[in-house]
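Q: I'd like to learn how to read a structure like this one. Can we take it feature by feature?

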Amino acid sequence: MKSAIDIAIVGSGPAGLSTADAAQRAGFTARVFERGCLADNIWRFPTFMQWHSTGENLELGGLPLICRGEKPTRQEYLEYLRRFVEVKEIDIRLYTEVTRVQGELGDFCLTLRDRHGEESTEAARFLVIATGGFSTPHRLGVPGEDLPKVRPLFDEPHPYWNQEVLVVGGKNSAVESALVMARAGCRVTIVHRERDFAGAKYWLRPDIENRIREGRIRALMPAEVVSIEPRHVTVRMTETGEELHVDNDWVFPMIGFEPDRRFLERCGVTLDPETRQPHVDPETLETEVPGIFCAGVIIGGNISGMIFIENARFHGDRILARAQALAEQMAER
Ligand SMILES: Cc1cc2nc3c(=O)[nH]c(=O)nc-3n(C[C@H](O)[C@H](O)[C@H](O)COP(=O)(O)OP(=O)(O)OC[C@H]3O[C@@H](n4cnc5c(N)ncnc54)[C@H](O)[C@@H]3O)c2cc1C
C-alpha cells in the first residue's frame, strides 16, 4: 500500500496533539484520528474542574495558554486545545476510531470506523498510539453495579443536590467529587478501602479530613461496597466485618480507569503482565514493533500518576528524533 501520510496518530489528547505538532515541525505530514470529539477524554472530566497544574506546565508546542486564574479550568483548556489545532493547522479526523493496524514500518494500514459505522483505510509510514489511560472504568465487581444510578463519571453536582450520594475511592477524583458535591448540598458518604487519604494530593487531604470531622461528609473506612440495591448500598467495614445498609440514590465508583490494552495488543505491542505498561524504548518510545510508538498516559499502564500532561507533552519530540533517523535509513535503502 502506498503511504499517503508520514505519521498517523491515534488519539487527540495533549500527547497526540503535541506529537502532531512535533511531526509537522520536523517536516513530516501527520494526521490525528480521534474516536470522539477533540480531546474526548478531557471533555468528559468534571464540568467545572480546575487543573492541578499551572497553565505554563500544560502548554503544548510553545503556544501560550492564557487563563484567568493561576490554574486553568477544564473549559479554558478545551478552548486552548481547539485554538492549538487551528493555529498549528493540525490535520485531524474526529469521530473516527482506529480499529485495526496491519503492515510494517514504512507501510502501515489503519482500519478506520466513522460514527455511522462506515469503514475505510488509511496508509502511514509510522504510527503513534496516544490513546490515553481512561478507556475503561475499573469495576467494583459487586451485584447491582449496572443499575442506572451507578455513575463512573462525575460531571457536575446539580443533578445530585439534596440526594443521598455514595462516592467510592480515596484518590484525587473521588475526594474532589465528594467535596464538590458536599459543598453543593448533596448528602455525601465516601467509602474508601484505606484508613486515610494518602493517595490524594496534599492540598485535598486537610479539606476532606475537615469536612469529615465537621460531619459534612460521612466516611466509612477502611471499608468496601458489598452490593448495590436500588434504594441502598451494603458496605462492609474491613476491620470489624460489620455490614451497614446505607440509604442511597446515586453511586460514583471513582476507582480509576484502564487503558485500552486490546488495541495495543492488536497492533502487536506486548505489555508487562503486572504493570500493563507497553514495552517501549525508554528514550525513543518506540515499541518492539519497528515504526510503532506510544505517547502519553498509555505508557504508564496501570501505574497512575506516572505520566500526565506535564511530562507527556514532550513525548512527541523524542518520537520524532527516532522517526527522523528511521526515515533516513529507509531513504538510504
Ligand atoms: C480529574 C483529573 C485531573 C487531572 N489533572 C491533571 C493536571 O492538573 N496536570 C496534569 O499534567 N495532568 C492531569 N491529569 C492527567 C491528564 O488528564 C492526562 O495525563 C492526559 O489527559 C493524558 O493525555 P493523553 O494524550 O495521554 O491521553 P488522553 O487525554 O486520555 O487522550 C486519549 C485520546 O485517545 C482517544 N482514543 C482512544 N482510543 C482511540 C482509538 N482506537 N481511535 C481513535 N481515538 C482513540 C480518546 O478518545 C482520547 O481523546 C488529570 C487527570 C484527571 C482524570
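A: Sure, and we start with helices and strands: they are DSSP runs, helices being H or I with at least four residues and strands E with at least two, numbered from the N terminus. This is a predicted model, where local features need pLDDT of at least 70, side-chain atom pairs count only at pLDDT 80 or more, and totals for chains, interfaces and linings use all residues. Residues are numbered from 1 along each chain as its sequence is written, and side-chain values use heavy atoms, with hydrogens and water left out.

Q: Which helices and strands each supply at least two residues of the shell around the ligand?
A: Helix 1 (14-25), helix 2 (40-43), strand 4 (96-104) and helix 7 (309-312) do. To be near the ligand, a residue needs a heavy atom within 4 Å of it. Here 33 residues surround the ligand, and Glu34, Asn41, His52, Ser53 and Val297 are the closest.

Q: How do the residues of that shell divide?
A: Ala, Val, Leu, Ile, Met, Phe, Trp, Tyr, Cys and Pro count as nonpolar, Asp, Glu, Lys and Arg as charged, and the others, Gly among them, as polar. The shell has 17 nonpolar, 11 polar and 5 charged residues.

Q: Which backbone atoms does the ligand meet?
A: Look for polar contacts, pairs of N or O atoms within 3.5 Å; within protein, one must be able to donate a hydrogen and the other to accept it, and residues adjacent in sequence count only if both atoms are side-chain atoms. A ligand nitrogen is 3.0 Å from a polar backbone atom of Arg35, and a ligand nitrogen lies 3.1 Å from a backbone N or O atom of Val98. A ligand oxygen is 3.1 Å from a polar backbone atom of Glu310. On its own the ligand has 1000 Å² of accessible area (Shrake-Rupley method, 1.4 Å probe), and the protein covers 93% of that.

Q: What does the side chain of Lys88 reach?
A: It reaches the backbone oxygen of Gly61 at 2.8 Å. Lys88 sits in the loop between helix 3 (74-87) and strand 3 (92-93). Leaving out residues up to four places away in sequence, Lys88 touches Asp21, Gln24 and Gly61, where contact means heavy atoms within 4.5 Å.

Q: What should I look for in the backbone angles?
A: Most residues other than glycine have a negative phi, and most peptide bonds are trans. Asn162, not a glycine, has a positive phi of about 65°, and lies in the loop between strand 7 (136-137) and strand 8 (164-168). Met221 and Pro222 are joined by a cis peptide bond, with omega about -10°.
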